[in-house]
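Reader: I have a model open and would like to go through it with you piece by piece. Could you put the sequence and structure up before we begin?

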Amino acid sequence: MAEYKGDPVVVIGLGRFGTSLALELTRRGTEVLAIDSRPKITQSLAGRITQIATADATDIEALRQLGVSDFYQAVVAVGSDIEASILTTSLLVELEINDIWAKAISTQHGRILSRIGAHHVVFPEHDMGERVAHLVSGRMLDYMQVDEDFALAKTTPPKEYVGIPLGQSNLRRKYGVTIVAVKPSGEEFTYATAETELSYGDVVLVSGRTEQVERFAELP
């Protein structure tokens with residue numbers, strides 16, 4: 001019998017985002033109930049997700065019959081059908097799901113989802129576009145917006161900080177960022193300390209306010 005980690009999750013809507021989410025949760029050992037109204041989609045994913053059902057998620061009786069009200073967490077990953085997204089979210093609120101995540105395709109859509117009771121609203125297309133923009137336009141190797149104004153970036157060290165112990169670099173005072181970890185060429189990431197000296201070819205993880213991280217990553 002499979003051993004599951006954490007609370008089980010309902011994922012409603014199996015477009016690209018919902019399918020990717022359900023498969024990744026399953027891979028990580030989370031029990032998932034995935035729901036979509038299209039038989040072709042649910043059949044194609046049978047056996048790859050813990051439980052999968054073909055049902056109309058805008059029908060509260062269908063959700064009750066599937067036992068959705070017994071779940072602590074739910075994700076509304078419905079795509080471009082805004083009406084179905086809003087109605088499904090409102091039904092999950094009515095079923096008193098404790099932790100509701102909902103995908104939005106616009107700011108207005110996200111605002112409505114929040115108002116009707118979604119605890120978390122995500123903008124996957126916008127977030128991915130923002131991340132790729134940072135990667136395309138600068139020296140960043142990877143980028144993640146951690147909070148509204150706080151980011152984590154993977155980049156290479158500017159030449160002015162190569163060969164200087166971080167504790168003597170005045171990096172935080174000058175640029176407002178912290179180097180969290182360092183990956184020397186051909187090695188694995190290790191936590192940075194005050195004694196860490198950066199070298200050309202290193203990769204560093206930098207955290208700080210978004211604007212400050214962007215500024216640091218642009219240094220030659």
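Author: This is a predicted model. A word on terms before the strands: two strands pair if DSSP finds at least two bridges between them.

Reader: Good, then how many bridges join β7 to β8, and do they run parallel or antiparallel?

Author: Strand β7, residues 142–147, is joined to strand β8, residues 150–155, by 5 bridges, and the two run antiparallel. The connection between β7 and β8 is a hairpin through 2 residues, and within this pair D142 stands opposite K154 in β8.

Reader: What is the strand order in the sheet that holds β7 and β8?

Author: The order is β7-β8-β11-β9-β10, an open sheet of 5 strands with antiparallel pairing. Its edge strands are β7 and β10 (190–191), each of which pairs on one side only.

Reader: And how many bridges are there between β8 and β11?

Author: There are 5 bridges between β8 and strand β11, residues 203–208, again in the antiparallel sense, and A151 stands opposite G208 in β11. Helix α8, residues 210–217, packs on this sheet, where it touches β7, β8, β9 (177–183) and β11, and its direction makes about 15 degrees with that of β8.

Reader: Changing topic to α4: how many residues does that helix have, and what does it reach from first C-alpha to last?

Author: Helix α4 covers residues 82–94, which is 13 residues, and reaches 18 Å from its first C-alpha to its last, close to the 18 Å expected at 1.5 Å a residue.

Reader: Which of the α4 residues are buried?

Author: A84, S85, T88, T89, L91 and L92 are the buried residues of α4. They lie on the same side of α4, because they cover an arc of only 160 degrees around the axis. On the face of α4 turned away from that buried side are the exposed residues E83 and E94.

Reader: What covers the buried residues of α4?

Author: The cover includes strands β1 (9–12), β4 (73–76) and β5 (99–103), together with helices α3 (60–65) and α5 (107–116). As for what comes after the helix, α4 is followed by E96, whose phi is positive, near 60 degrees.

Reader: One last residue, T30: where is it found, and is it buried or exposed?

Author: T30 is found in the loop between α1 (16–27) and β2 (32–36). Its relative accessible area is 11%, so T30 counts as buried, the cut-off being under 20%. The C-alpha atoms of T30 and I49 are separated by 9.8 Å, the two residues being 19 residues apart along the chain.

Technical notes:
Residues numbered from 1 in each chain as written. Predicted model: local features only at pLDDT ≥ 70, side-chain atom pairs only at ≥ 80, totals over all residues. Heavy atoms only, no water. Helix = DSSP H or I, 4+ residues; strand = E, 2+ residues; numbered from the N terminus. Expected span 1.5 Å × (residues − 1). Buried < 20%, exposed > 50% of the residue type's maximum accessible area, 1.4 Å probe, protein only. Arc of directions from axis to C-beta. Contact = heavy atoms within 4.5 Å. Axes fitted to C-alpha atoms, helices over the stretch in contact; angles between N-to-C directions.
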